[in-house]
Amino acid sequence: RSQFADAFVQRSAQMAAMMARSLESSRGSLRSRGYGMPCLAAALLGSLVVLLQCLSHSEQGNAFLPSQAQTLASSSRRAALVSGLVASAVSAAPQASEAALTAKEKATIALFQKTSPSVVSVSGSQGKKSTVMGTGFVWDKNHAVTTLNMVRGVDVPKITVLDRNPDGTERRRVLNAAIVGADPGTDVAVLWVDGDMTPLRRGSAEDLFVGQDVYSLGNPLGLEHSFSKGVVSGKSRTVSGSSGRPIGGVIQTDASINPGNNGGPLLDSSGLVVGVNAVAVSENGASSGVGLAIPIEAVERSVTSVLLEGQMRWPSLGVFLAADVVSAELGLDGVLVKKVAPGGPAEAAGIQPMRNGRFDVITSVDEKSVANVGEFFLALDGKRPGEEVLLTVQRAKFDSDSDNVDNLQFKVRLGSRVL
C-alpha cells in the first residue's frame, strides 16, 4: 500500500507539472480566440476536481496504481477541456451577440442610453381618483414638459427620474413638482421640479423629411422607458388643441404612441427633440400606426411664454368669427367677421362687424388665403403679439346690391389673448 501511495504522489507531481504546461500553452490560444479568464478558471477548476477525487480515493484506503493515475490524468485533461469549452461558450456569448449588431443597431442603442435618463414619468392623484401616469421630458435643469391632459386636475404632481449614479449603477429618484403653467393652444404643460436633471437638446421639425427615422420614448401603459422606432409618415398635419384652436405643422409618425406615452419626446437620429408625442389616431386610443406629435417650434413658443409669464399669450385680432357653415351658406370665400372687440386691434384698424345685413369677410392674412376659421388661425400661427399683419377684406358696397364688393387691405398690430 505504501508502494502504491509513493507511486501516486510521484505520478500526481508529474500530472500537476503537465497540467501547468498545458494550461500555460492554452492561455495564449484561448485569449487569441476571444476567450477570457472565465475559460481559464473553469479549466483549472476541472483539474482541481479530478485531483481532489484522487486524494479522496487515496484517503479511503483504496489501492492506487500508476495505470489508474494515468487514467485519471486523462480524465483531468478531459474535464479541463469540457470545463473550458463550457466557460468559453458562456464568456463568448456576449461578445458574439455584440459582434452580431450592425453599426445602425449600435447607434440606436447608444441613442437610447444617451436620451432615456432625460425622459421622466409624471404621476399624481386627481382628487380621490387613482394615480395617473404619463410621460414628460427634461426641458432644462429644473423644468419638465408634458401634455396638459397629463396634469389637468392633478393635486400634487410627482416626477420619477431613472438615471445613473457616478459609479454607473442605476438610480430611481421621485421628485416633487409643481405646475408652472400650461397652454391649451398646444396642449403643453410646464412643471417645476425640485431636483437637478439633464435636459434634452432640441432640434427642428421644419427640417424633417418624410421617410426619415424618428424615435418615440415614454411610458406607454405604465411600462417605463419604452423605446420605439418609426418614420416620419407625413408633415403639416392639423389637429385641435384643448382650446379648440387648430395646431399646424403636426408630425405624423408610425412610431408607437399609446396611452401614457403622450407627453414624451419624438427624437431624430441625433437625439434631438423634434416633437412632443400627442395622440394616437385610432378608434380605441391605442396605437394603430398613426401617431401625431406637436412640432417642437410650437412647443418652444409655449414653454418660453409660460416660463416668462406663467401663461401663453396668443396673438389676437380682437374679432369674433361666424361659424364656417354660415359662410358656406352665404357662398363666401373667406371668414365672416361677426363681432369686433371694442378698442381691440381690428376696430382700431377699421375692421367692421355685421351691420344691417352688411359685413366684412377676411380673405387673406399676409397674402395667405384663408377659406375657413381653421385656416385663419393657422395663418396667425407663429405670430407674436405686437407684430403687424396685413388683412385683405371684402366689404359690400354701401350704395349697391350685395354682389358688388370692395377689396380692402388693413394693417393690424396684433394684440394678445390668454386661452
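Which exposed residues does the face of helix α4 turned away from its buried side carry? In this predicted model, that face carries Ala103 and Gln113. The rest of the helix is a good place to start looking around. Helix α4 covers residues 103-115, which makes 13 residues. From its first C-alpha to its last it reaches 18 Å, close to the 18 Å expected at 1.5 Å a residue. On the inner side, Thr108, Leu111 and Thr115 are buried. Looking down the axis of α4, the buried residues fall within an arc of 55°, so they line one face of the helix. What do the buried residues of α4 pack against? They sit against four strands, namely β1 (119-124), β7 (213-218), β8 (226-240) and β10 (265-267).

Helix α4 also takes part in a meeting of aromatic rings. The structure holds four aromatic pairs. In one of them, the rings of Phe112 and Phe227 have their centres 5.2 Å apart, with 55° between their planes, so this pair counts as tilted. Because Phe112 belongs to helix α4 and Phe227 to strand β8, the pair ties together parts that lie 115 residues apart in sequence. Neither ring's residue is fully tucked away: Phe112 is partly exposed, with a relative accessible area of 25%, and Phe227 is partly exposed as well, at 27%. Phe227 has another partner in Tyr215, and here the pair is stacked, with 5.5 Å from centre to centre and 5° between the planes. This pair links strand β7, where Tyr215 is found, to strand β8, where Phe227 is found, across 12 residues of the chain. Is Tyr215 buried or exposed? With a relative accessibility of 4%, Tyr215 counts as buried, since the cut-off is under 20%. Put together, Phe112, Tyr215 and Phe227 make up one aromatic cluster.

The loop between β7 and β8 deserves its own look, starting with Glu224, which is placed there. Glu224 is partly exposed, at a relative accessible area of 28%. Leaving aside residues up to four places away in sequence, Glu224 touches Ser121, Thr160, Leu162, Arg172, Gly218 and Asn219. With one of these, Arg172, the side chain of Glu224 makes a polar contact of 2.7 Å. Glu224 and Gly260 are 36 residues apart along the chain, and their C-alpha atoms are separated by 9.6 Å.

His225 lies in that loop between β7 and β8 too, and its backbone has a quirk. Most residues other than glycine have a negative phi. His225, however, has a positive phi, near 55°, and is not a glycine. With 17% relative accessibility, His225 counts as buried. Ser236 tells a similar backbone story, with a positive phi near 60° in a residue other than glycine. Where is Ser236 placed? Its place is in strand β8. Ser236 is exposed, having a relative accessible area of 58%.

Further along the chain, strand β12 offers a clear case of burial. Five of the five residues of β12, which covers residues 291-295, are buried, so the strand is largely enclosed by the rest of the structure. Strand β9 (residues 246-253) pairs with β12 in the antiparallel sense over three bridges. Ile251 has Ala293 of β12 as its bridge partner.

The tour ends at helix α9, residues 373-380, where the buried residues are Val373, Phe376, Ala379 and Leu380. Viewed down the axis of α9, the buried residues fall within an arc of 120°, so they line one face of the helix. These buried residues pack against quite a list of elements: β13 (313-316), β14 (319-321), α7 (324-329), β15 (335-340), β16 (360-365) and β17 (368-369). Both ends of the helix have something to show. At the start of α9, a side-chain oxygen of Asn372 comes to within 3.2 Å of the backbone nitrogen of Gly374. Just after α9, Gly382 adopts a positive phi of about 90°.

Methods
Residues numbered from 1 in each chain as written. Predicted model: local features only at pLDDT ≥ 70, side-chain atom pairs only at ≥ 80, totals over all residues. Heavy atoms only, no water. Buried < 20%, exposed > 50% of the residue type's maximum accessible area, 1.4 Å probe, protein only. Helix = DSSP H or I, 4+ residues; strand = E, 2+ residues; numbered from the N terminus. Pairing = 2+ DSSP bridges. Expected span 1.5 Å × (residues − 1). Arc of directions from axis to C-beta. Contact = heavy atoms within 4.5 Å. Polar contact = N/O pair within 3.5 Å; in protein donor to acceptor, adjacent residues only side chain to side chain. Phe/Tyr/Trp six-rings, centres within 6.5 Å; stacked < 30°, edge-to-face > 60°.
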